[in-house]
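Student: I'm new to this one. Could you take a close look at the sheet for me, and at what packs around it?

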Amino acid sequence: MAMTRFERLLGLLLRAAVRVFLAVFELFAPQRGSAEQPRLPPISSPLLRVPAIHLARQIRRKEVTSVEVVQAYIDRIQEVNPLINALVKDRFAAALQEAAQVDKLIEEETGGEDVLEDRLPLLGVPVTVKEAFALQGMPNSTGLLSRRTVISGVDAPSVALLKRAGAIPLGVTNCSELCMWLESHNHLYGITRNPYNLGRIAGGSSGGEGSIIGSGASVVGVGSDIGGSIRIPCFFNGIFGHKPTSGIVNNAGQHPPPSGQQPGFLCTGPMCRYAEDLMPMLRIMAGPAAEKLSLSAEVDLRNLRFFSVPHDGGSPLLSPVDPQLIQAQKKVVERLEADLGIKVKEVRIPQLKYSFQIWGAMMSSPGKDGKSPTTFAELMGGGKRVWPAWELFKCMLGVSPHTVAAIGLALVEMFQSSQPSQFILQQKESLQRELEELLGTDGVLLYPSHPQLAPKHHQPIFTPFNFSYTGIFNILGLPVTQCPLGLSVEGLPLGLQLVAGKLQDRLPLATALYLEKAFGGWRDPGDRAHTAENTLNTPKSSSNAT
Ligand SMILES: CCCCCCCC/C=C\CCCCCCCC(N)=O
């Protein structure tokens, strides 16, 4: 399915227009580059370098107390949060009290370590939660000024399961307005910054989680993803994230609630600094549904079939994939082939070029009951539709309660048809068939997490469609793990998506564990040695150079 001349011309024109906009943006951007940005201090406490499941074991064995672990995380949050603005409401006093109760319980437990591990696998371990989820006693505004007084009375089911496993929430983290943008910015809490470069975005919509975990101030967290909101911030902040197979983790208790066909696309999942924590987090968050995933079945990577797709085939709406990301993906292919003695097959999937159109069409389609999804303008108005043009006018005067991105989305929505074109539906069906056949029960696909490295603040306004690299897998319902792959020349995280067939979540999770060993996984953003190391062997980005 080669591109027509018209599509090629359209692509050239669009890219030229984006370049002009970006050049103007560069001139006026408040952040002039990494040299002027303050940097995060390096991590000093060794407790902050331990995966959650090992922390839990050390706490159970009384090698460390839960109070010590929780205090170490509180100290780190207090050190970095003024720089990154990721945690928007804390519950430190309650967390320390809960940690003291955990230490007492362990002191008094007579059944032995195994009993505690079975019943309370995360006992005493701190977690953070995206503010869009209900966490009892914490705000649940999803960045909407009009919801600033909403306080959760109960926990969302996924949060309740983590608490029941013994985890101790430290507070809630920032997100984009109504969870529908690539940057975590709203007029209630402000803008969240990237720990690797404060002038760059932390991603969205779970950007507060990405940034707090990436900066070493949380070890595991809860995110949600309907277009990439777990994977994009995990990629930009150099951590691991898993979007489970659709329907596995309960999505209830988050705002906004999905409508139309969206419940089938929204996924709740774990965001983690260490690959080892992904599977236990998923097992806990999925509850009884985890059984469908056979997570305990052993995975031998040598028996898997790997495929590599280097880009989406050239949609004119999206940025080309950054050369450093292409090179990182090639290195993964080389390592897999050398270490496992397998052949990774490079494939081209032409339908991926229509990822944005497919995502947009499916997100606005009516549900099985024939009802159309709630419009974004209605969600912005808390049930009463806002008028986007009026909000835009207010925004120009600096008096709108909404962000430019949210207003832009509401404007675009006005021109979107609720009847998707037959051509796009056919592309979706054939893509679904092709990928399911390709991946079966033993295939893993390598695909870029995003075409660009973490952009400067507000830049996604010029490149809004780039999220389609992640969004397409929400529509297809496939499990995807975002895996960090070290840092770029500029010191920004590199990464990759690992995609598998439905219910085969254990395959990308096992591959992420291997890649963490091979490529070093998460890096401390305060440790400058990493950047120097990377400068020696990686070409500079074309699209993101500062
Ligand atoms: C200010 C310009 C706005 C232009 C809007 C162009 C349309 C782009 C459409 C959708 C962007 C949605 C981004 C979704 C990011 C992740 C969402 C999620 N919760 O998973």
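**The sheet and its surroundings**

Tutor: Sure, let's start with the sheet: 11 strands make an open sheet with mixed pairing, in the order β1-β3-β2-β8-β10-β9-β14-β15-β13-β11-β12. Strands here are DSSP runs of E with at least two residues, helices are runs of H or I with at least four, and both are numbered from the N terminus. Two strands count as paired if DSSP finds at least two bridges between them. This is a predicted model, where local features need pLDDT of at least 70 and side-chain atom pairs count only at pLDDT 80 or more, while totals for chains, interfaces and linings use all residues. Residues are numbered from 1 along each chain as its sequence is written.

Look at the edges: β1 (87-90) and β12 (345-346) each have a single partner strand, so one side of each has no neighbour in the sheet. Further in, β2 (residues 126-130) and β8 (residues 220-225) run parallel and are joined by 2 bridges. Thr128 has Gly221 in β8 as its bridge partner.

Now the helices. Helix α3 (residues 66-84) lies across β1, β2 and β3 (168-173), at about 15° to β3. Helix α6 (residues 157-164) lies across β2, β8 and β10 (267-272), and runs at about 165° to β8. Those angles run from 0 to 180 degrees between N-to-C directions, with axes fitted to C-alpha atoms, for helices over the stretch in contact.

Finally, try Val125: leaving out residues up to four places away in sequence, Val125 touches Ala52, Leu55, Ala56, Val69, Gly166, Ala167 and Ile168. Contact means C-beta atoms, placed from the backbone, within 7 Å.

Definitions and conventions: Contact = placed C-beta atoms within 7 Å.
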